[in-house]
Amino acid sequence: MAYMEEDAIPDFCSKPALILGCGNVFFGDDGFGCAVAEYLETRFQVPGSVCLLDAGTSVRKLLFTLCLSPVRPRRLLIMDAADFAREPGEWFEIDPAEIPAVKLDDFSMHQMPTSNLLRELQRETGVEVRVLACQTAPLPTEIRPGLSAAVERAVPEAAAWVAREYFQTVQEASHA
Amino acid sequence: MGNTIVIQPVTRIEGHAKITIQLDDAGNVNRARVNVIELRGFERFCMGRPVEDMPRITPRICGVCPWSHHLAAAKACDAVFGVQPPPAGAKLRELCNSLAFMEEHILHFYFLAGADFLLGPDADYSVRNVIGILGAAPEVARRVVRVRHMCAKMLEIIAGKAIHPQAAVPGGFSKPLAKEERDHLRKMADEALELAKFSIKFAKESIFPKYLDVVKSLGVITSGFIGTVKENGALNLYDGKLRLMASDGSYDDFPYDRYTDYIAEHIEPWSYLKFPYAKKRGGFALEDDAPGLYRANTLARINVCDFIDTPLAQAELEEFRRNFGRPAQLTLLYHWARLIELLYNAENAIRLLDDPDITSTETRVKVTPRAARGVGCTEAPRGTLIHDYETDAEGMLTNVNLIVGTTHNNAPINLSVTQAAKSLIHDGKYDQGILNTVEMTIRAYDPCFSCATHRLDGKLSVKLDIFDACGSLIETLAN
């Protein structure tokens, strides 16, 4: 192939670990994943081996590209809001296989049926896929940004867990 | 009372929708409806905010077309502030628009609609996924993937980030393009053009002939069209005037800030989404070939333009018109038109990168708040996108109205689904293949139905009304 292969590969495919904060910051607790990504970015030293992105509502684009890429990270962490009928603000790890199969075999990547892509990644490519979820309070039906108090409290706790699992340096930056 | 078939969700479109097909007592289709949800409360959320926030906020409302919203918002800000970006600022924006189009069109043709064509509508549902397509056409898929990667990478180089773009600002573009970056991008653009050329050749030789009967019969309706053209009538996807064409080929041209003189919005009680219509041509009617009915997106743009000012895409346009006339009405031709646009954007990206203006360091002009109204309009991959803002003397927003690409196609999608359902479901008999073929009709429009929440469990905020043959509401379902 013509020319510098590595130049055509985006960072989110080529780094060993990829951490994606997902959600819509305009809809209350749906912005949990983005808030954790921001917290990690501003309070921790992100190692060069990790690509940390606030993927927002664009997660499907990234996962889709990842699914088809010849080069992929070894580890993928998705941080997102969820409703598993727990207490709002409770955060926990789930297996992609546990995500309700609302849209099992579709390609729609606009919402979290990204779960299909996660399953495909895990099953077909050998990427280690983990999902950090946080139970939301009821989401607003119209645009209303801002996390509930319970989910707000979960953000630093979840960020610390991510740092322990994925960052070699877990010290919070002193200037933060 | 007739039966109701509900297909939910529609797979492989951007977002979610629910199709309700109502059968009569004989088991034939009485009516079909595509029910969608819509982003609500955005305009109210924006009130009182500084207008210059809009290019940063709007990419967040839609993860599917962030660049389109970003650029339409920046253009609306230009109009509010009464400025024109310098040539380099405008050309960098247009370059990003072309690259974002290529990324989306490649995605749609090969992977969203690809399963229909590469695997066939009757393929086992369990293999209709990304890996399924890779397995069906591995060589093609590898090549496609590489160029999609490059489009993302090119946007990253130009704008600093591939997602949530912030590079377009009121008055221009925040980041000049260095000559070394331009040289780097130019090589990538050459490869993207090769893929675009391959794609349309591949489709014409291996895909479209096989499905020509389906193209000629599925979801066919007659309508007008809307799109953006330059002053000389050439296709343009970033800037120009709007052209609203009737089904007989006659048209009105108008500046996009006068869209309210030509377009009105109708509301139906069964849909959250509005129904725009050409108000100068007549009132709204959800009927085939209704005077006010028009379509947006690829086929519309290919129909309304007089010509394309890049040579390879122009040659394809001429062949397309020899085969299907102007305006072409067959719904599945959206796919063909999408590939002509892919070629145009690849050529346009090279043209812009070769333009000496593109590396000028003068990419923006200063802006000053004022009380004004400003309209920004671009073509998004899914149709004409209009942002309309008003501000007070401090530049704070006092009014916001958005018309997004998919909204223009709301009525046509409903009519095409009705036509498709009527032609495929008889005497109450249907199977998975038939239902997926109905969905194919919707996918041709490449709609983006939802900019709402993104919870991990994929739950939908959907309300479904079921009507009997007399039009009476018999049940409401919601989650």
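Chain B carries 16 helices and 16 strands in this predicted model. Of the 479 residues in chain B, 64% are buried. Contacts reach well along the chain, too: among those in chain B with a separation of 6 or more, 69% link residues 24 or more positions apart.

Turning to the strands, one group in chain B makes an open sheet of four, in the order β8-β7-β6-β11, with mixed pairing. Its edges are β8 (251–254) and β11 (294–295) of chain B, each of which pairs on one side only. Inside the sheet, β6 (residues 224–229) and β7 (residues 241–245) of chain B run antiparallel to each other and share five bridges. One position to look up in the viewer is V229(B), which sits opposite K241(B) of β7(B). As general background, the strands of a sheet are held together by backbone hydrogen bonds, and the pairing can be parallel or antiparallel.

A hairpin turns up further along chain B. Strands β12(B) and β13(B) form it, with two residues between them. The pairing of β12(B) with β13 (residues 383–391) of chain B is antiparallel and spans nine bridges. Within this ladder, E379(B) has T384(B) of β13(B) as its bridge partner. As for its surroundings, β12 (residues 372–380) of chain B is mostly covered, with eight of its nine residues buried.

What about the nonpolar interior? In soluble globular proteins, nonpolar side chains tend to be buried together. Here the largest nonpolar core takes in 136 residues, and the ones with the most contacts inside it come from both chains: L20(A), L63(A), L76(A), I158(B), I308(B), F320(B) and L333(B). Helix α13 (residues 333–354) of chain B is the top contributor to this core, giving 14 residues. Another core, of 25 residues, lies apart from the largest one and includes L52(A), L132(A), A154(A) and A158(A). Back in the largest core, L20(A) is a handy residue to click on. With neighbours within four places in sequence left out, L20(A) touches L53(A), A55(A), V59(A), L62(A), L63(A), L76(A), L77(A), I78(A) and M79(A).

There is some empty space as well: the structure has four cavities of 30 Å³ or more. The second largest cavity holds about 50 Å³. Its lining draws on both chains, with K61(A) joined by V64(B), C65(B), P66(B), W67(B), S68(B), A100(B), E104(B) and P381(B). Two elements each give two or more residues to this lining, namely α3 (66–81) and α4 (87–112) of chain B. Of these, α3(B) supplies the largest share, three residues. By type, the lining of the second largest cavity splits into six nonpolar residues, one polar and two charged.

One last residue to look at is N410(B), which belongs to helix α15 (residues 410–424) of chain B. Is N410(B) buried or exposed? N410(B) counts as buried because its relative accessibility is 2%, and the cut-off for buried is under 20%. Setting aside neighbours within four places in sequence, N410(B) makes contact with S271(B), L273(B), K274(B) and F275(B).

Definitions and conventions. Residues are numbered from 1 along each chain as its sequence is written. Chains are lettered from A and ligands numbered from 1 in the order in which they are written. This is a predicted model: local features need pLDDT of at least 70, side-chain atom pairs count only at pLDDT 80 or more; totals for chains, interfaces and linings use all residues. Side-chain values use heavy atoms; hydrogens and water are left out. Buried means under 20% relative accessible area, exposed over 50%, partly exposed in between (1.4 Å probe, protein chains only). Two strands pair if DSSP finds at least two bridges between them. On a 1 Å grid over the protein atoms alone, a cavity is a set of points where a 1.4 Å probe fits but cannot get out, and a pocket is an open set with protein on both sides within 12 Å along at least five of seven lines; lining residues have an atom within 4 Å of a point. Grid points are joined across faces, edges and corners, and a volume is the space filled by probe spheres set on the points. Ala, Val, Leu, Ile, Met, Phe, Trp, Tyr, Cys and Pro count as nonpolar, Asp, Glu, Lys and Arg as charged, and the others, Gly among them, as polar. A nonpolar core is a set of buried Ala, Val, Leu, Ile, Met, Phe, Trp, Tyr and Cys residues joined through side-chain atoms within 4.5 Å. Contact means heavy atoms within 4.5 Å.
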